[in-house]
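Reader: I have a new structure open on my screen and I'm not sure how to read it. Could you walk me through it, one feature at a time?

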Amino acid sequence: MLGGIEAGGTKFICAVGDEKGTIVDRIQIPTTTPDETIPKVIEFFKKYPIEAIGIGSFGPIDVHRESPTYGHITSTPKPGWKDYPFVQGFEDEFGVPIGFNTDVNAAALGEATFGAAKGMDSCLYITVGTGIGAGALVQGQMLQGHSHPEMGHILVRRHPEDPYQGRCPYHGDCLEGLAAGPAIEGRWGQKGIELVDRNEVWELEGYYIAQALMQYILILSPKKIILGGGVMNQKQVFPSICQHLKEFLRDYVSLPELSEYIVSPGLGNDAGITGALLLAHQALTESHK
Ligand code: ADP
Ligand code: ZN
């Protein structure tokens, strides 16, 4: 039996199940401080004969095995979580192999195994929610280099008629600063869910996301692009993205039919937790080598 944790900024989703994506039991725990949240997670897993645990975490995190701070959350503003040794705590508690990656890399793995990119060795999973993050599967591997990718913070061109200055605490008008949920609320004065009928909102959202996708496509050439997160519940963004992307790319690269290439998660809200179970399975398999 495998354990999975999708560690998000607002909630932890924990599940036990197997590498076929079957979930036997699950629990949701609010993300407060590690002292409060982690014991509840441990209590949940203690009920089961867990052989490995996979963690898909909000970041930035240290995914470098050789690093002295491997398995830590690094520079989050969330109180108590900065420099938190996430992996070590679970290793000490359970003594089983622990898989560790970003929430979005885990979601990309989940989608490529059981979801919208099933059977593909390449895909991109992007979440547009409180922040923007993306994970990528490249030639069958979750993308990692010096660290994990941070694709939500790329620079995009401001729309000439968009006066909004952006709200990324680091970069102001990066993609996240202009197009994540809080930016929509900051620009238009209402939450996305209350702006459903305002075409200009979703038209502009599509304009920014399409620029990002153009860059991801040119650099990574993914076989499928999956867009999740709260904001992407607004399905009217998809046609806007496709239309702008066509204009920006100008037929320079050949792509599949865009409505089939740029899609919602096949696993719905379970992409991340399913990926976390797969991370656990990978860790278990590696420990047998
Ligand atoms: P998180 O990123 O914290 O895990 P979400 O993916 O739900 O959680 O993202 C939350 C953000 O998405 C908020 O800014 C919220 O206003 C926005 N959001 C959530 N649901 C919707 C929706 N149905 N339509 C538009 N915006 C939404
Ligand atoms: Zn930024």
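Reader: Let's start with Asp83. Is Asp83 buried, partly exposed or exposed?

Author: Keep in mind that this is a predicted model. The idea is to compare the relative accessible area with two cut-offs: buried is under 20%, exposed is over 50%, and partly exposed is in between. Asp83 has a relative accessible area of 45%, so it is partly exposed. You'll find Asp83 in the loop between β4 and α2. Its backbone is worth a look too: phi is near 65°, a positive value in a residue other than glycine.

Reader: Which other residue has a positive phi although it is not a glycine?

Author: Take Asp251, with a phi of about 60°. Asp251 sits in the loop between α7 and α8. At 75% relative accessibility, Asp251 counts as exposed.

Reader: And what joins Gly59 and Pro60?

Author: A cis peptide bond, with omega about 0°. Pro60 belongs to the loop between β4 (52-57) and α2 (86-94).

Reader: Now the strands. How do strands of a sheet pair?

Author: In general, they pair through backbone hydrogen bonds, either parallel or antiparallel. Here, five strands make an open sheet in the order β8-β7-β6-β9-β10, with mixed pairing. β8 and β10 (262-263) are at the edges with a single partner strand each, so each has one side without a neighbour in the sheet.

Reader: Which way do β6 and β9 run, parallel or antiparallel?

Author: They run parallel, joined by four bridges. If you want one to look for, Leu124 has Ile225 as its bridge partner in β9. Now turn to β7: six bridges join β6 to β7, and these two run antiparallel. The bridge partner of Leu124 in β7 is Ala136. A hairpin of three residues connects β6 to β7.

Reader: Is β7 mostly covered or mostly open?

Author: Mostly covered: six of its seven residues are buried. β7 also pairs with β8 in the antiparallel sense, over two bridges. There, Val138 stands opposite Gln141 of β8. The hairpin of β7 and β8 has two residues between the strands, and Gln139 takes a positive phi near 50° in that hairpin.

Reader: How many bridges pair strand β2 with strand β3?

Author: Seven, in the antiparallel sense, between residues 11-17 of β2 and residues 23-30 of β3. Lys11 stands opposite Pro30 in β3. The hairpin of β2 and β3 has five residues between the strands, and Gly21 there has a positive phi near 90°.

Reader: Let's go inside. Which residues have the most contacts inside the largest nonpolar core?

Author: That core has 40 residues, and the ones with the most contacts inside it are Ile126, Leu213, Ile225, Leu227, Ile241 and Ile262. Elements that give two or more residues to it include β6 (123-128), β7 (132-138), α6 (199-220), β9 (225-228) and α7 (237-249). α6 provides the largest share, eleven residues. To get a feel for the packing, click on Leu227: leaving aside residues up to four places away in sequence, Leu227 touches Ile126, Ile209, Leu213, Met232, Phe238, Ile241, Ile262, Val263, Ser264 and Pro265. There is also a second, separate core of 28 residues, and Val41, Phe45, Ile50 and Tyr70 are among them.

Reader: Which residues are the protein donors of the zinc ion (ligand 2)?

Author: When you read a metal site, look at the donor atoms, their distances and their angles. For the zinc ion (ligand 2), the donors are His153 (ND1), Cys168 (SG), His171 (ND1) and Cys174 (SG), lying 2.1 to 2.3 Å from it. The angles among the four donor atoms are 104 to 120°, and the site is tetrahedral. Along the sequence, the donor spacing is H-x14-C-x2-H-x2-C. His153 is partly exposed, at 22% relative accessibility, whereas Cys168 is buried, with a relative accessible area of 7%.

Reader: How many disulfides does the structure hold?

Author: Zero. Take Cys123, which is in no disulfide: the nearest cysteine sulfur, that of Cys242, is 17 Å away. Cys123 is buried, with a relative accessible area of 1%. Cys14 is buried as well, with a relative accessible area of 0%.

Key:
Residues are numbered from 1 along each chain as its sequence is written. Chains are lettered from A and ligands numbered from 1 in the order in which they are written. This is a predicted model: local features need pLDDT of at least 70, side-chain atom pairs count only at pLDDT 80 or more; totals for chains, interfaces and linings use all residues. Side-chain values use heavy atoms; hydrogens and water are left out. A nonpolar core is a set of buried Ala, Val, Leu, Ile, Met, Phe, Trp, Tyr and Cys residues joined through side-chain atoms within 4.5 Å. Buried means under 20% relative accessible area, exposed over 50%, partly exposed in between (1.4 Å probe, protein chains only). Contact means heavy atoms within 4.5 Å. Donors are N, O and S atoms within 2.8 Å of the metal (3.2 Å for Na, K and Ca); water is not among the atoms, so sites may look incomplete. Four donors count as tetrahedral if all angles lie between 85 and 135 degrees; four count as square planar and six as octahedral if opposite donors are over 155 degrees apart and all others between 65 and 115; anything else is irregular. Two strands pair if DSSP finds at least two bridges between them. A disulfide is a pair of cysteine sulfur atoms within 2.5 Å.
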